[in-house]
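Please read the following structure with attention to its aromatic rings and to the space enclosed within it. The account begins with ring pairs and ends with a cavity.

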Amino acid sequence: MDLRDYKGVWVFIEQKDEVIASVSLELLGAGRKLADKRGVELAGILIGENVKHLTKTVFEYGADTVYVYDQPIFKHYRTESYMKALLECTDKYKPEIILYGATSTGKDLASAVATDMPTGLTADTTELDVEEETGLLLASRPAFGGNIMATILCKKYRPQMATVRAKVMKALTPESGRTGKIIEETISLKEEDIRTKVLEIVKDTVKKVRIDEADIIVAGGKGLGSFEGFQLIHQLAETLGGAVGASRDVVEAGWIEHAHQVGQTGVTVTPKIYFAIGISGAIQHIVGMKNSGLIIAINKDKEAPIFQTCHYGIVGDAFEIVPILIEQFQRALSKEKVSNTSKG
């Protein structure tokens, strides 16, 4: 393998029902920075049926080129069909870096491609950089239970690949009217060649907690002492109209469901305001909320690592401080409501 044959940064553009996943747009922003630093093109690879029109959005979010596989066989995501298209395209154009969203689809596809190609894959990456001269991808992620950050390199093989969690990178502001080069590809793959058949799509009708979409998150940790103590988090969240978040320890203790867990093994969030109450601030948790607009921490331990990350910190007992905050917020919100009513 001659590494000099490989050039360019690619982003797998994940879409479902002709809607591009937000993580793919975020990765185009990250990929743009890597490509500019290397002085190479940024490309998206788009696979599906009736998806060519989505190239407009991909260009607006930073891509120079889009490789498009638009065929009926790609109507539904299946590992085998998507993998064959991506392998074929990679072998033909030889990118040096491919980025995927760390979604169920992205992780499934990336791992399948990595097993069929002589290269490695860094999973759940939270930081990306590239060496300008060598093109070596610096993919960093928490390791050893979140106690350290490990930067993983793939020195001898190409393409270098990584899956990246949603909300970790920031999408560029879309540039209306921006265009690029569309390269349409086809693959000689028949339905009978695919072992997996889609018989029916059943959509989940159960309402799920989506804390990654909340503007305000009130998160609690084991410092609250018990399930009963954790109810203080629910009270503050309800007062502010926010969502409830939690540390891994809280979820493992059974105080709340896993859907509320923030961190490396939970959800990555970027709310406008994030309250970290009774949370020590282990790196495993920090990577899941460090990009929040405003971080407010409350902890009895003045040496808690969370105070190195927050914008405002209060050293003290949450059971004394939070009730005061609830009272003050209720009073302020009540005044605002009265003011708005009088104006109406």
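In this predicted model, the count of aromatic pairs comes to 9. One of them joins Phe12 and Tyr82, whose rings are 6.5 Å apart from centre to centre and have 80 degrees between their planes, an edge-to-face arrangement. This pair links distant parts of the chain, since Phe12 belongs to strand β1 (residues 9-13) and Tyr82 to helix α3 (residues 79-93), with the two positions 70 residues apart. Both partners, Phe12 as well as Tyr82, are buried.

A second pair to examine is that of Phe275 and Phe329, where the ring centres lie 6.4 Å apart and the planes meet at 85 degrees; because an angle over 60 degrees counts as edge-to-face, the pair is assigned to that class. Here too the contact links distant parts of the chain, with Phe275 in strand β15 (residues 273-277) and Phe329 in helix α8 (residues 318-343), 54 residues apart. Are the two partners buried or partly exposed? Phe275 has a relative accessible area of 4% and is therefore buried, whereas Phe329, at 27% relative accessibility, counts as partly exposed, the cut-off for buried being under 20%.

Returning to Phe12 and Tyr82, one finds that they belong to one aromatic cluster, which also takes in Tyr69, Phe74, Tyr77 and Tyr100. Helix α3, which carries Tyr82, is also where Thr90 is found. Thr90 has a relative accessibility of 3% and so counts as buried, and its side chain reaches the backbone oxygen of Leu86 at 2.7 Å.

The remaining topic is enclosed space. Rolling a probe the size of a water molecule over the atoms shows where empty space is left. For this model the count comes to 1 cavity of 30 Å³ or more, and the largest cavity holds about 40 Å³ of space. Which parts of the chain supply its lining? At least three lining residues come from each of domain 1 (3-193) and domain 2 (216-341). The residues that line the largest cavity include Thr126, Lys167 and Val168, along with Thr268, Val269 and Thr270, and also Val287, Gly288, Met289, Lys290 and Asn291. Sorted by class, this lining has 4 nonpolar, 5 polar and 2 charged residues.

Methods: Residues numbered from 1 in each chain as written. Heavy atoms only, no water. 1 Å grid on protein atoms, 1.4 Å probe; cavity = no way out; pocket = protein on both sides within 12 Å on 5 of 7 lines; lining within 4 Å. Points joined across faces, edges and corners; volume = space filled by probe spheres on them. Nonpolar A, V, L, I, M, F, W, Y, C, P; charged D, E, K, R; others polar. Domains from an automatic or database assignment. Phe/Tyr/Trp six-rings, centres within 6.5 Å; stacked < 30°, edge-to-face > 60°. Helix = DSSP H or I, 4+ residues; strand = E, 2+ residues; numbered from the N terminus. Buried < 20%, exposed > 50% of the residue type's maximum accessible area, 1.4 Å probe, protein only. Polar contact = N/O pair within 3.5 Å; in protein donor to acceptor, adjacent residues only side chain to side chain.
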